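The exercises below ask the reader to work from the displayed model towards a description of its fold. Each task is followed by a solution in steps.

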Amino acid sequence: MSTPHVVVVMGVAGTGKTTIGPLLAARLGVPYAEGDDFHPESNIAKMSAGTPLTDDDRWPWLDAIGAWAHSRDGLGGVVSSSALKRSYRDRLRAAAPGIAFVHLSGDRELIEDRMSHREGHFMPTALLDSQFATLQPLEPDEAGVAVDVSGSPDEITDRAVEALRALSRQQPAE
């Protein structure tokens, strides 16, 4: 399965965006971009200190991801981004109208457990509550699918691929 669309793998911290994103990209035969790499140093410093980002902090980050997605229009790609609010997804869509979202979602306890076992990441588990408080799930008019994060990375990726296939069957041909 390949896609000319860019897929944004979204969700709160600890859902597996950095794990599932590259697996999904490989399955779709497109490049992967790590959304965290688009953050300015000031954002990383704030998150490392346990300070939630403001919308003003996020706009340059979202614009950088949107520019990457726009550059991949018609070529396809997968990029990770929390994209927690509708306004963030709208901003990404403004830059790259054809994007689709894969919302990795799951039980808070499972996500917190996974976060507590990962190493070398700047997002502390203390920010998980603010992430869930900020999360606005995909709305019916948004191109995207929700995928449960229980199970192995391969199982989650399988569910994401199947959900994207079903989504592409529902969308009219361009």
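A residue is called buried when its relative accessible area is under 20%. The model is predicted, and with this cut-off, buried residues make up 44% of the 174 residues in the protein.

**Exercise 1.** Determine how many helices and strands the protein has, and in which pattern they follow one another along the sequence.

*Solution.* Counting the elements gives 7 helices and 5 strands. Reading along the sequence then yields the pattern β-α-β-α-α-β-α-β-α-α-β-α.

**Exercise 2.** Work out the strand order of the sheet, and name its edge strands.

*Solution.* The 5 strands form an open sheet with parallel pairing, and their order is β2-β3-β1-β4-β5. The edge strands, each of which pairs on one side only, are β2 (32–33) and β5 (144–148). For a detailed view of one pairing, take strand β1 (residues 6–10) and strand β3 (residues 77–80), which run parallel and are joined by 4 bridges. Within this pairing, Val7 has Val78 of β3 as its bridge partner.

**Exercise 3.** Describe how helices α1 and α7 are placed against the strands.

*Solution.* Begin with helix α1 (residues 17–28), which lies across β1, β2, β3 and β4 (100–105) and runs at about 155 degrees to β1. Turn next to helix α7 (residues 153–170), which packs on the sheet and touches β1, β4 and β5, its direction making about 155 degrees with that of β5.

**Exercise 4.** Find what share of contacts between residues at least 6 apart in sequence joins residues at least 24 apart, and what the accessible surface comes to.

*Solution.* Among these contacts, 74% join residues at least 24 apart. The accessible surface comes to about 8200 Å², and 53% of this surface belongs to carbon and sulfur atoms.

Technical notes. Residues are numbered from 1 along each chain as its sequence is written. This is a predicted model: local features need pLDDT of at least 70, side-chain atom pairs count only at pLDDT 80 or more; totals for chains, interfaces and linings use all residues. Side-chain values use heavy atoms; hydrogens and water are left out. Two strands pair if DSSP finds at least two bridges between them. Helices (H or I, at least four residues) and strands (E, at least two) are DSSP runs, numbered from the N terminus. Contact means heavy atoms within 4.5 Å. Axes are lines fitted to C-alpha atoms, for helices over the stretch in contact, and angles run from 0 to 180 degrees between N-to-C directions. Buried means under 20% relative accessible area, exposed over 50%, partly exposed in between (1.4 Å probe, protein chains only). Accessible areas come from the Shrake-Rupley method with a 1.4 Å probe; for residues, only the protein chains shown count as cover.
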